[in-house]
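Let us take a friendly walk through this fold, beginning with its overall plan and ending with its charged pairs. Please keep the viewer open as you read.

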Amino acid sequence: MSQVVTYVVCYARTVAASSSSRLHSPVAWNRKSAQDYYDLEAGETERTPLLYVRDNSREASRYRAKLRAQDDPNRVHPVALGLMVALLLFLLLGVVIGVYLLLLTIQRPWPVSHPFFLIERPAWWQNPAALVVPTLERQAITDVIVVHSDSECCFNQEQCVRFLQNAEQSWWTVGHEHIPYNFLIGGDGVTYEARGWKSQHGFKDLPGRNTTLVVGMIGNFTDRQPAAIQYAELKAFLTESIRRFSLSPQYRLYGAFNTTRATNDGAALYNQLQRWPHWKGFAPQQP
C-alpha cells in the first residue's frame with residue numbers, strides 16, 4: 001500500500017513538473033497569457049519572435065515615410081509633373097513647326113552657288129568726311145533697280161576700287177553729293193558698298209527713294225552682256241539682302257533707261273534680266 005502511494009505521488013510530481021516547463025518555455029506563445037509565448041498545443045503556426053518584431057518595425061517605417069511624403073508642401077505629384085513636361089514639349093514642337101513654315105514662305109529666286117563678296121565703303125574710301133545722306137525709313141526694301149554705269153568695265157579689285165574713287169570724287173566735285181548708287185558690282189565678281197542698305201539712293205530721276213535699292217553693274221552693257229560672274233554676284237547680292245532682312249522676299253526687280261543716252265541703253269543687260277524671277281519691267285522716270 002505504501003508503495004502505491006509513493007508511486008502516485010511521484011507520478012503527480014512528474015506531471016506537475018512537465019506542465020510547469022511547458023507553460024514557461026521561452027519559445028511558446030499563448031494568446032491567453034500576458035507574455036508572448038507560443039503554445040504548441042494551441043495549434044498555432046511556428047513564428048520566430050525576433051523576425052516578427054523586425055517585420056513590424058519595417059512596416060511602421062514605411063508608413064511614417066508615406067505620411068511625411070503626403071505632408072510635404074513642396075512635393076510635386078508625378079502626374080502633374082508629367083503633364084507639365086508634355087505641355088512644354090508640345091509648345092517647343094509648335095515653335096519649331098512655326099519657324100519651319102516661316103522659312104518656307106521666304107522665296108529664294110534661285111539656289112546660289114556663287115558666294116557673296118562685299119567690299120565695304122571704308123575699305124575703298126579713306127576720306128575722313130563721313131557719308132551724310134538721308135536714311136531709309138523702312139527696314140525691308142521692296143524694289144531693286146539695276147542699271148549699268150556706262151563706263152569701262154573693271155576686272156580686278158584694283159581697277160574697281162579706282163573706278164569707285166573716281167566716281168565719288170566726280171560726284172562730289174560737281175554737286176557736293178556722294179556717289180548715288182547703293183551698291184556696285186564689278187567684273188571681278190565682287191559687290192562694292194556705295195551708300196549701303198540703310199541709305200537712300202541719290203538719283204533724282206529714279207523713283208522710290210524710300211523703297212528702292214539701286215545696284216550698278218560696272219561697265220557698258222548696251223551691246224554686250226556683263227560677265228557671267230557679274231550676274232552670279234547680282235544673284236548672290238539679292239539673296240544676301242533677303243537674308244539680312246534688308247530686302248523683302250517679294251521684292252520687285254526693275255531696269256531704268258537713261259534718256260540722255262542711246263535709246264537702247266543697257267539693252268543687252270535688260271534682255272537677260274527680263275528672264276529673271278521678280279522682273280516687273282522698267283521704272284518710270286521722274287520729271
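One definition first: axes are lines fitted to C-alpha atoms, for helices over the stretch in contact, and angles run from 0 to 180 degrees between N-to-C directions. With that in hand, helix 6 (residues 228-243) is a good place to start, since in this predicted model helix 6 runs at about 145° to strand 6 (247-255). Helix 6 lies across strand 2 (141-148), strand 3, strand 4, strand 5 and strand 6.

**The overall plan**

The chain holds seven helices and seven strands. Followed along the sequence, they give the pattern α-α-α-β-α-β-α-β-β-β-α-β-α-β. Of the 287 residues, 34% are buried. Contacts reach far along the chain: among those between residues at least 6 apart in sequence, 73% join residues at least 24 apart. The chain exposes about 18700 Å², and carbon and sulfur atoms supply 59% of that area.

**The sheet**

How are the seven strands of the sheet ordered? They form an open sheet with the order 1-4-3-5-2-6-7 and mixed pairing. Its edges are strand 1 (118-119) and strand 7 (279-282), each of which pairs on one side only. Helix 5 (residues 157-175) also packs on the sheet, where it touches strand 1, strand 3 and strand 4 (191-193). The direction of helix 5 makes about 35° with that of strand 4.

Strand 5 (residues 212-217) pairs with strand 3 (residues 183-185) in the parallel sense over three bridges. Among the bridge partners here, F183 is matched with V215, and L184 with G216. Strand 5 also runs parallel to strand 2, to which six bridges join it. In that pairing V147 stands opposite G216, while H148 has M217 as its bridge partner. Strand 2 in turn is joined to strand 6 by five bridges, again in parallel, and one of the pairs there is V146 with G255.

Is strand 5 covered or open on its two faces? In a regular strand the side chains alternate between the two faces of the sheet. For strand 5, T212, V214 and G216 lie on one side and L213, V215 and M217 on the other, and all are buried. That agrees with the count for strand 5, where six of six residues are buried. Strand 2 is likewise mostly covered, with eight of its eight residues buried.

T142 gives a closer view of strand 2. Its relative accessible area is 18%, so T142 counts as buried, the cut-off being under 20%. Leaving aside residues up to four places away in sequence, T142 touches T211, S248, Y251 and R252.

**Loop and surface**

L206 sits in the loop between strand 4 and strand 5, and at 6% relative accessibility it is buried. The C-alpha atoms of L206 and N258 are separated by 10.0 Å, although the two residues are 52 apart along the chain.

On the surface, L81, M84, V85 and L89 form a nonpolar patch with about 380 Å² of accessible area together. V85 belongs to helix 3 (residues 78-105) and is partly exposed, with a relative accessible area of 43%.

**Salt bridges**

Side chains of opposite charge can pair when their charged atoms come close. The structure holds six salt bridges, including the three below.

| Salt bridge | N to O distance |
|---|---|
| R252 and D143 | 2.7 Å |
| K204 and E177 | 2.7 Å |
| R244 and E240 | 2.8 Å |

Which elements does the R252 and D143 pair link? R252 is in strand 6 and D143 in strand 2, 109 residues apart. R252 is partly exposed at 35% relative accessible area, whereas D143 is buried at 10%.

The K204 and E177 pair brings together two loops: K204 lies between strand 4 and strand 5, and E177 between helix 5 and strand 3, 27 residues away. K204 is exposed, with a relative accessible area of 55%, and E177 is partly exposed, with 25%.

In the last pair of the table, R244 is partly exposed at 36% relative accessibility, while E240 is buried at 12%. Salt bridges that share partners join E240, R243 and R244 into one network.

Notes. Residues are numbered from 1 along each chain as its sequence is written. This is a predicted model: local features need pLDDT of at least 70, side-chain atom pairs count only at pLDDT 80 or more; totals for chains, interfaces and linings use all residues. Side-chain values use heavy atoms; hydrogens and water are left out. Two strands pair if DSSP finds at least two bridges between them. Helices (H or I, at least four residues) and strands (E, at least two) are DSSP runs, numbered from the N terminus. Contact means heavy atoms within 4.5 Å. Buried means under 20% relative accessible area, exposed over 50%, partly exposed in between (1.4 Å probe, protein chains only). Patches are made of residues with over 30% relative accessible area and no salt bridge: like charges are joined within 9 Å, nonpolar side chains (Val, Leu, Ile, Met, Phe, Trp, Tyr) within 5 Å. Accessible areas come from the Shrake-Rupley method with a 1.4 Å probe; for residues, only the protein chains shown count as cover. A salt bridge is a side-chain nitrogen of Lys or Arg within 4 Å of a carboxyl oxygen of Asp or Glu.
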